[in-house]
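This report describes selected features of a protein model together with its bound ligand. Please keep the sequence and the three-dimensional view at hand while reading.

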Amino acid sequence: MAKQDDLFKNVVSHAKEYGFIFPSSEIYDGLSAVYDYAQNGVELKKNIREYWWKSMVQMHENIVGIDAAIFMHPTTWKASGHVDAFNDPLIDNKDSKRRYRADVLIEDYAEKLNQKAQKEIDKARERFGDAFDEAQFVATNARVIEYRSRQREILERMARSLETENLADVKALIEELEIACPESGSKNWTEVRQFNLMFGTKLGASADSAMDLYLRPETAQGIFVNFLNVQKTGRMKIPFGIAQTGKAFRNEIVARQFIFRMREFEQMEMQFFVRPGEEMKYYEYWKETRLKWHLSLGLGKENYRFHDHEKLAHYANAAADIEFNFPFGFKELEGIHSRTDFDLKAHESHSGKKLQYFDNETNSSYVPYVVETSVGLDRMFLAVFSKALREETLEDGSTRTVLKLPSVLAPTKAAVLPLVKKDGLPEVARNIIDDLKWDFNVSYDEKDAVGRRYRRQDALGTPFCITVDHQTLEDQTVTIRHRDSMKQDRVKISELRGIISEEVSMRNWLMKM
Ligand code: ATP
């Protein structure tokens, strides 16, 4: 655990020191759970967004994008259930005065049981070696069966209590499990209460005429209210999707863990409209397709897992998370939800407008069903950044800090370094930049010895360093150094664009899907 804590601390401090993420309004001591993306962070974030957009919109003939406003008519949030039904169950610890989400406390407890079961499995694997049959072991080992069934019982009971709004039972469960405040160890809890997490604001000049508004807590509703506009003007035929990236706002109670849980964050969502009855087919399709997208970045298959929901939101008939192994354990990175026709039907009844699709093939009109994929851009950033950050010991015993970002996402693709600041080398370096900058984000660095400059670029995640030396003046060649292998090749200046492009092009990365 201590090791994980250290890793997480390194992630936060590296992000700040190398210009990726700053606390918001830091000169005023920051604002809780709000962060700013700095000069390198904004590039990485933009590249992740583009990687998503390309794979969803550009690569699918039947998916188009929109960019809806953050402000929406307030009735939107009545229809979606955010005003009345979308509340988080909260509990306070009377001794530490810390506030928690009751469901998260219980889920964390259940996860510990899961980890115990996993430990038994790992131990057995070690003992039996190649002969180990995991499925058989899981089905027959008494301890694993006990841990797993206990975990299931707890989660099912919580789901039932939340669904029926039996908050007293949620509290009873916390007491029965003897869950203690993670901070103080105290078990002195208040009742569980519901808390609405939308930020309210006002539209209009005078107090009398002002209209109460909310900052959108999810981007999805901007897609639902535009469903028919897009379908008609884009002449879209079911099944089709609408994608959107943008800010969402939630007044999160437990807003810790850096950019994992923020109050202002960005989502990348796609709503896929399908014929009623076909939703499960597309739900499975999108689960698989979205996992493939994550895997294409090469952060390691073992760092992802699906978590099927026991507790379904009021709008869903199936839901799963893609969880990622963050520095603080496996947590939700993306949600895939089969949202039925809940949202469109609700908007029909609140607006009085028909939101139906006429299907030529079946010769009938209906409200489509929706399968949603929803991934947090900031959580993607944290996933990529935390897995990329490494401390490496080199052959000569020295260490280097390197950010092994998937090169397609790296903020800067190449740094051009004149060996010395004279003899015309800076001019040649500038010429190389002037040529490459049309295609790639490139930077120039002439300060310090070349070794130190390499280290600086390693820490920024730059995949290539191009060094201009005296030989360059004679034969138009440079050395190109690869971040991960640290291998150096002598190549012609005219070959640079091709080499970089081969390594960083989205085409090559997305083709791995
Ligand atoms: P959680 O259970 O962690 O609160 P959620 O289930 O409420 O998340 P969704 O409503 O499904 O999340 O939102 C979709 C995605 O948006 C999540 O998978 C996550 O990546 C991202 N997300 C949600 N809330 C936040 C937040 N406060 N900060 C950053 N990203 C978030």
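## The ligand shell

The shell around the ligand consists, by class, of seven charged, five polar and four nonpolar residues. The model is a predicted one. Of the 16 residues around the ligand, those that come nearest are Glu252, Arg261, Met262, Glu332 and Leu333.

Which strands each supply at least two residues of the shell? They are strand 10 (264–274), strand 13 (329–340) and strand 16 (369–376). Strand 13 gives the most, with five residues.

## Polar atoms and cover at the ligand

Two arginine side chains place an N or O atom beside an oxygen atom of the ligand: for Arg261 the distance is 2.7 Å, and for Arg101 it is 3.4 Å. With Phe260 the backbone takes part, as one of its N or O atoms lies 3.4 Å from a nitrogen atom of the ligand. On its own the ligand has 600 Å² of accessible area, and the protein covers 86% of this.

## The three-stranded sheet

Strands of a sheet pair through backbone hydrogen bonds, in either a parallel or an antiparallel manner. One open sheet in this model has three strands in the order 5-4-6, and its pairing is antiparallel. Strand 5 (99–101) and strand 6 (193–196) are at the edges with a single partner strand each, so one side of each has no neighbour in the sheet. From one strand to the next, the twist averages 45°.

Strand 4 (residues 87–92) pairs with strand 6 over four bridges in the antiparallel sense. Within these strands, Asp88 stands opposite Phe195 of strand 6. Helix 4 (residues 102–128) packs on the sheet and touches strand 4 and strand 5; the direction of helix 4 makes about 70° with that of strand 5.

## The five-stranded sheet

Another open sheet has five strands in the order 20-19-21-22-23, with mixed pairing. Its edges are strand 20 (442–444) and strand 23 (488–492); each has a single partner strand, and therefore one side of each lacks a neighbour in the sheet. Neighbouring strands are turned against each other by 25° on average, direction ignored.

Three bridges join strand 19 (residues 414–418) and strand 20 in the parallel sense. Ala414 has Val442 in strand 20 as its bridge partner. Helix 13 (residues 425–436) packs on this sheet, touching strands 19, 20, 21 (464–468) and 22 (477–482), and its direction makes about 165° with that of strand 20. Helix 16 (residues 496–504) also packs on the sheet; it touches strands 19, 21, 22 and 23, and its direction makes about 170° with that of strand 21.

Definitions and conventions:
Residues are numbered from 1 along each chain as its sequence is written. This is a predicted model: local features need pLDDT of at least 70, side-chain atom pairs count only at pLDDT 80 or more; totals for chains, interfaces and linings use all residues. Side-chain values use heavy atoms; hydrogens and water are left out. Two strands pair if DSSP finds at least two bridges between them. Axes are lines fitted to C-alpha atoms, for helices over the stretch in contact, and angles run from 0 to 180 degrees between N-to-C directions. Contact means heavy atoms within 4.5 Å. A residue is near a molecule or strand if one of its heavy atoms lies within 4 Å of it. A polar contact is a pair of N or O atoms within 3.5 Å; within protein, one must be able to donate a hydrogen and the other to accept it, and residues adjacent in sequence count only if both atoms are side-chain atoms. Accessible areas come from the Shrake-Rupley method with a 1.4 Å probe; for residues, only the protein chains shown count as cover. Ala, Val, Leu, Ile, Met, Phe, Trp, Tyr, Cys and Pro count as nonpolar, Asp, Glu, Lys and Arg as charged, and the others, Gly among them, as polar.
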